[in-house]
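Colleague: Could you walk me through how to read this model, starting from a single residue and working outwards?

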Amino acid sequence: MATTPQEILRIERDIVNVLKNIYDPEIPVNIYDLGLIYEIDVRPGGDTDITMTLTAPTCPVAEQLVEDVRQQVGKVNGVAAVEVTLVFDPPWDRSMISEEALLELGLL
């Protein structure tokens with residue numbers, strides 16, 4: 001159970017590491033560096049809310065990607081429950097991609 005600010009920060013770091021291992025099937029970059037994760041909120045007790053988007057509202061693997069996030073984040077030590085909210089406002093665009101991912105894609 002996350003009770004201290006330090007424990008919550010550790011859990012958030014672990015969640016980011018997990019998210020960096022989930023890839024958008026259409027772009028060879030993880031969803032975190034693509035900028036698809038808008039917010040990670042870990043509350044005392046370990047309940048966690050993830051707010052994310054997709055590169056396009058019509059993404060054919062939307063359900064699977066959201067379920068992958070839910071399942072993988074749920075495995076993080078200290079996470080009690082996971083709620084993933086899919087939003088399209090603000091809409092995703094290339095400016096949200098991390099510099100590291102831009103380099104990986106050859107866009108810098």
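Colleague: Which element does Ile50 lie in?

Modeller: Elements are DSSP runs numbered from the N terminus: helices are H or I runs of at least four residues, strands are E runs of at least two. Ile50 sits in strand β2. This is a predicted model, so local features need pLDDT of at least 70 and side-chain atom pairs pLDDT 80 or more, while totals for chains, interfaces and linings use all residues. Residues are numbered from 1 along each chain as its sequence is written, and side-chain values use heavy atoms, leaving out hydrogens and water.

Colleague: Is Ile50 buried or exposed?

Modeller: Go by relative accessible area with a 1.4 Å probe, protein chains only: under 20% is buried, over 50% exposed, in between partly exposed. Ile50 has 0% relative accessibility, so it counts as buried. Thr48 is also in β2, and at 1% it counts as buried too.

Colleague: What does Ile50 touch?

Modeller: A contact is heavy atoms within 4.5 Å. Skipping residues up to four places away in sequence, Ile50 touches Ile15, Ile37, Glu39, Ile40, Val69, Val73, Val82, Glu83, Val84 and Thr85. With the same neighbours skipped, the contacts of Thr48 include Ile15, Asp41, Val73 and Val79.

Colleague: Which residues touch the most other members of the largest nonpolar core?

Modeller: Such a core is a set of buried Ala, Val, Leu, Ile, Met, Phe, Trp, Tyr and Cys residues joined through side-chain atoms within 4.5 Å. Here the largest one has 30 residues, and Ile15, Leu19, Ile31, Ile40, Ile50, Val69 and Val73 touch the most other members. Two or more residues come from each of α1, β1 (37–42), β2 (47–52), α2, β3 (81–86) and α3 (99–105).

Colleague: At what angle do α1 and α2 pack?

Modeller: Fit axes to C-alpha atoms, for helices over the stretch in contact, and take the angle between N-to-C directions, from 0 to 180 degrees. Helix α1 (residues 5–19) and helix α2 (residues 62–74) pack at about 135°, axes 10 Å apart. That makes α1 oblique to α2 (under 35 degrees is roughly parallel, over 145 roughly antiparallel, 65 to 115 roughly perpendicular, the rest oblique).

Colleague: And which residues of α1 and α2 meet?

Modeller: Ile15, Val18 and Leu19 of α1 meet Val69, Gln72 and Val73 of α2. They split into five nonpolar, one polar and no charged (Ala, Val, Leu, Ile, Met, Phe, Trp, Tyr, Cys and Pro are nonpolar, Asp, Glu, Lys and Arg charged, the others, Gly among them, polar).
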